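Reader: I would like a close look at one part of this model, the sheet. Please take me through how its strands are arranged and paired, and then what lies around them.

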Amino acid sequence: MTLIDSMNARRSIRRYTAEPVADGQLARLLETAARGSTCGNMQLYSVVKTTSPEGKRALAPLHMGQPMVEGAPLLLTFCVDYRRFTLWCEQRRATPGYDNLLSFLNAAIDTMILTERFATAAEAEGLGICYLGTTLYSAGQIIEQLRLPRLVFPLTTLSVGHPGEQPPQCERLTVDSFLHEEHYHDYAPADIDRCYLPKEALPENRHFVDINHKETLAQVFTDLRYTRADCEAISAGLLAQLRRQGFLPRE
Ligand SMILES: Cc1cc2nc3c(=O)[nH]c(=O)nc-3n(C[C@H](O)[C@H](O)[C@H](O)COP(=O)(O)O)c2cc1C
């Protein structure tokens, strides 16, 4: 299978066999991931590896009890890290200025590139992964649990292991739904229909609407999965944690 075939065939894996991920394989995959582009070649990231039952047990509630946390042999928390670089500067008579939003965003891009390259490489070697977006929901508690110091911030987590399931692939929007020629072409109602009607027509999505007693698929998102109240509360928490870790000025 080529790399492109593997990228096209992928799906998130949420159940794993008990087989551990070998340390050598993990190191190799991280080395490949780190070959990706990185802002100024600064490599503004760190990865915290969790394999111990105690470590996973402590993280499980912070990830809303998602079963992959204790069910996967390996959890990797990918963290924005401007600390290592800042300490190096200070140790070499250079004056760093990276406690700000721009630096956080540059480091977040670096960290996401590392994460997704790791995921792609792991999947190409037959491992399964799932992102845990709950890392941002519980950033404050994860900072404490993983003892992340100033200028380090947990961005996302991957559960990793040998696949114990082969779920069907999810649908995607067609490329013309998100590709804009020369400038952004705003979406008229008919364009929105063209983008989303195929997704809405899928039996699994219709079933999803029915079991949630909603009128439309969009309402499942707005009223249940990603509500305004949750988004606003989590955003407020994130701003507080970004201040605490030194990326935003204290109020
Ligand atoms: C930022 C982000 C956060 C995610 N968080 C979760 C999560 O907390 N739990 C989960 O089961 N899947 C999570 N996922 C996986 C998505 O649900 C999944 O990629 C999407 O439904 C498409 O499915 P596929 O990856 O199988 O194609 C996340 C993915 C991303 C990119």
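Author: In this predicted model, four strands form an open sheet in the order β1-β2-β4-β3, and the pairing is antiparallel. The edges are β1 (45–50) and β3, each of which pairs on one side only. From one strand to the next, the twist averages 25°.

Take the pairing of β2 with β4. Strand β2 covers residues 74–81, and its antiparallel pairing with β4 runs over eight bridges. Two positions help in tracing the register. Aspartate 81 of the model stands opposite valine 152 in β4, and cysteine 79 has proline 154 in β4 as its bridge partner.

On to the pairing of β4 with β3. Strand β4 spans residues 152–161 and is joined to β3 by five bridges, again with the two strands antiparallel. Here glycine 128 has glycine 161 of β4 as its bridge partner, while isoleucine 129 stands opposite valine 160 in β4.

How many residues of β4 are buried? The count is ten of the ten, so β4 is largely enclosed by the rest of the structure. A residue counts as buried here if 20 or more other C-beta atoms lie within 10 Å of its own. Strand β3 (residues 128–132) pairs on one side only, yet four of its five residues are buried, so β3 too is largely enclosed by the rest of the structure.

Strand β3 also matters for reading the ligand site. With three residues, β3 gives the most to the shell around the ligand. The residues surrounding the ligand are Arg11, Ser12, Arg14, Gln66, Cys130, Tyr131, Leu132, Gly133, Thr134 and Cys170. By class, this shell divides into four nonpolar, four polar and two charged residues.

Outside the sheet, helix α2 (residues 23–33) offers another example of burial. Its buried residues include Leu26, Leu29 and Ala33. Seen down the axis of α2, the buried residues fall within an arc of 70°, so they line one face of the helix. The general background is that an α-helix has 3.6 residues a turn, so residues three or four places apart point the same way. The face of α2 turned away from the buried side carries the exposed residues Asp23, Gly24, Ala27 and Glu31. Helix α6 (101–124) is part of what covers the buried residues of α2.

Key: Residues are numbered from 1 along each chain as its sequence is written. This is a predicted model: local features need pLDDT of at least 70, side-chain atom pairs count only at pLDDT 80 or more; totals for chains, interfaces and linings use all residues. A residue is buried if 20 or more other C-beta atoms lie within 10 Å of its own, exposed if 12 or fewer, and partly exposed in between; C-beta atoms are placed from the backbone. Two strands pair if DSSP finds at least two bridges between them. The arc is that of the directions from the helix axis to the C-beta atoms. Two residues are in contact if their C-beta atoms, placed from the backbone, lie within 7 Å. A residue is near a molecule or strand if its C-beta atom, placed from the backbone, lies within 6 Å of it. Ala, Val, Leu, Ile, Met, Phe, Trp, Tyr, Cys and Pro count as nonpolar, Asp, Glu, Lys and Arg as charged, and the others, Gly among them, as polar. Axes are lines fitted to C-alpha atoms, for helices over the stretch in contact, and angles run from 0 to 180 degrees between N-to-C directions.
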